[in-house]
Amino acid sequence: ERALHNGLVDRKPLLIARGMGTADVADAVRLGADLGLEIAVRGGGHNVAGNASVNDGLMIDLSAMQGVSVDPASETARVQGGATWRVFNRESQLHGLATRGGVVSSTGVGGLTLGGGLGWLMRKYGMALDNLLAAEVVTADGRVLRASHDSNPDLFWALRGGGGNFGVVTNFLFQLHPVGPLVYGGLLAYPFEKARDVLRFYREQCGSLPDEVMAFCGLVHAPDGSGAKLAALVVCHCGPLAEGEAALRKFKAFGSPLMDAVGPISYVALNGMLDDGFPKGALNYWKSSFLDRLGDDAIDALIDAFAACPTPMASLLLEHFHGAVCRVPEDATAYPHRSESFNLAILGQWQSPADTDRCRDWVRTTYAALAPSMAPRRYVNYMGDDETAKDVSSAYGANLPRLRKIKSVYDPKNVFHLNQNISPG
């Protein structure tokens with residue numbers, strides 16, 4: 001019950017409180033306070049830093065709270081805090097509706113949304129937090145509050161990007177959009193020796209794509225266990241199939257792919273397409289940062305780094321920020337990174353503990369090699385457990401002082417500090 005997605009994290013809580021609803025969570029928060037225990041909160045348990053668990057403390061485990069209720073008339077969905085995107089998408093797609101979820105369906109709705117929320121619909125509908133209409137929150141003193149534009153608006157602002165710093169969110173209300181059930185998308189894979197061409201093509205295409213298209217580019221390993229290195233493009237058009245086919249024609253015509261799996265696909269299947277590449281229990285160490293531009297020097301550094309990758313499970317991933325996500329003012333939500341850019345994720349993953357040192361060193365060496373191309377901005381959901389206060393500051397930028405003030409109102413004793421922590425100020 002205490003196992004998290006990241007097998008590198010092996011913590012032993014004194015107590016695990018597995019609630020079924022908001023009242024259970026409120027009781028658990030009060031119990032933790034009465035006993036003077038550190039409190040960790042687990043939603044999907046996917047966070048690479050392992051903040052969902054704690055040694056000798058209290059884990060409030062929301063994983064049994066998987067309820068999703070869709071109202072097709074208002075195009076909204078109420079979601080409990082332990083639901084994963086797999087559960088969410090299965091329910092919403094019954095009605096041909098979706099919101100901006102993750103690209104790995106085993107990820108928790110709560111953690112991904114509170115920290116930002118990248119994914120297939122980002123260019124068209126913004127981040128997951130941009131589609132949040134309201135939240136039910138258990139605060140550090142055990143109160144249950146509603147946060148929305150009209151109720152506790154300061155808390156609502158902070159929740160949208162501030163992670164788990166302000167309370168336990170037990171219910172989310174999301175805006176949905178007509179998507180699917182079929183979309184046009186999938187994966188194109190090329191030999192690693194073509195990686196420079198693939199990365200340059202990706203750079204050239206990103207700025208001119210319609211909002212309906214989301215495109216990722218990665219240096220990855222073949223899923224057959226051979227360890228063969230590949231360059232991959234993963235794309236999705238969330239509009240009508242005919243428009244998607246036309247919009248992605250340039251991608252399908254590019255180069256000589258080893259595999260072309262781009263075509264009509266169910267939105268649910270697209271969201272689960274990468275799941276097998278991120279198995280529960282694998283050992284993970286990640287680092288990430290934004291790049292203002294994908295220059296040739298950065299491309300060369302990416303290729304050199306991946307050539308030296310010591311594990312057949314690791315990858316380098318580029319996520320392009322453009323479209324709706326960049327039309328939101330930086331101070332409209334706690335999440336501030338709204339300029340057009342590329343987010344680089346260095347995803348170290350392996351199976352044997354004997355490989356931990358060299359795999360972790362590879363991630364750090366790769367991060368250092370790309371440092372000259374990096375912007376002073378970080379995506380909080382990809383940050384590990386060894387980040388500094390300076391790193392956390394780079395995740396919030398100019399919004400950090402306001403976040404610290406709100407933290408002092410709702411959690412002045414910093415009860416919820418097992419996260420990328422915002423200290424009361």
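This briefing covers the internal cavities and one small β-sheet of the structure. The model is predicted. It holds two cavities of 30 Å³ or more. The sheet is open and has three parallel strands, with helix α1 packed on it.

**Largest cavity**
- The volume of the largest cavity is about 40 Å³.
- Its lining consists of Leu-199, Cys-217, Gly-218, Leu-219, Leu-302, Leu-316, Leu-317, Leu-318 and Leu-344.
- Strands β12 (213-221) and β17 (315-321) each contribute at least two of the lining residues.
- Eight residues of this lining are nonpolar and one is polar, with no charged residues.

**Second largest cavity**
- The second largest cavity has a volume of about 30 Å³.
- His-5, Asn-6, His-46, Asn-47, Val-48, Asn-284 and Trp-286 form its lining.
- Here the lining has five polar and two nonpolar residues, and again no charged residues.

**Three-stranded sheet and helix α1**
- The strand order in the open sheet is β1-β3-β2, with parallel pairing.
- Strands β1 (15-18) and β2 (39-42) are at the edges, and each has a single partner strand, so one side of each lacks a neighbour in the sheet.
- On average, neighbouring strands of this sheet are turned by 20 degrees against each other, direction ignored.
- β2 and β3 (residues 58-61) run parallel and are joined by four bridges.
- In this pair, Ala-40 lies opposite Met-59 of β3.
- Helix α1 (residues 22-35) packs on the sheet and touches β1, β2 and β3.
- The direction of helix α1 makes about 175 degrees with that of β3.

Terms used
Residues are numbered from 1 along each chain as its sequence is written. This is a predicted model: local features need pLDDT of at least 70, side-chain atom pairs count only at pLDDT 80 or more; totals for chains, interfaces and linings use all residues. Side-chain values use heavy atoms; hydrogens and water are left out. On a 1 Å grid over the protein atoms alone, a cavity is a set of points where a 1.4 Å probe fits but cannot get out, and a pocket is an open set with protein on both sides within 12 Å along at least five of seven lines; lining residues have an atom within 4 Å of a point. Grid points are joined across faces, edges and corners, and a volume is the space filled by probe spheres set on the points. Ala, Val, Leu, Ile, Met, Phe, Trp, Tyr, Cys and Pro count as nonpolar, Asp, Glu, Lys and Arg as charged, and the others, Gly among them, as polar. Two strands pair if DSSP finds at least two bridges between them. Axes are lines fitted to C-alpha atoms, for helices over the stretch in contact, and angles run from 0 to 180 degrees between N-to-C directions. Contact means heavy atoms within 4.5 Å.
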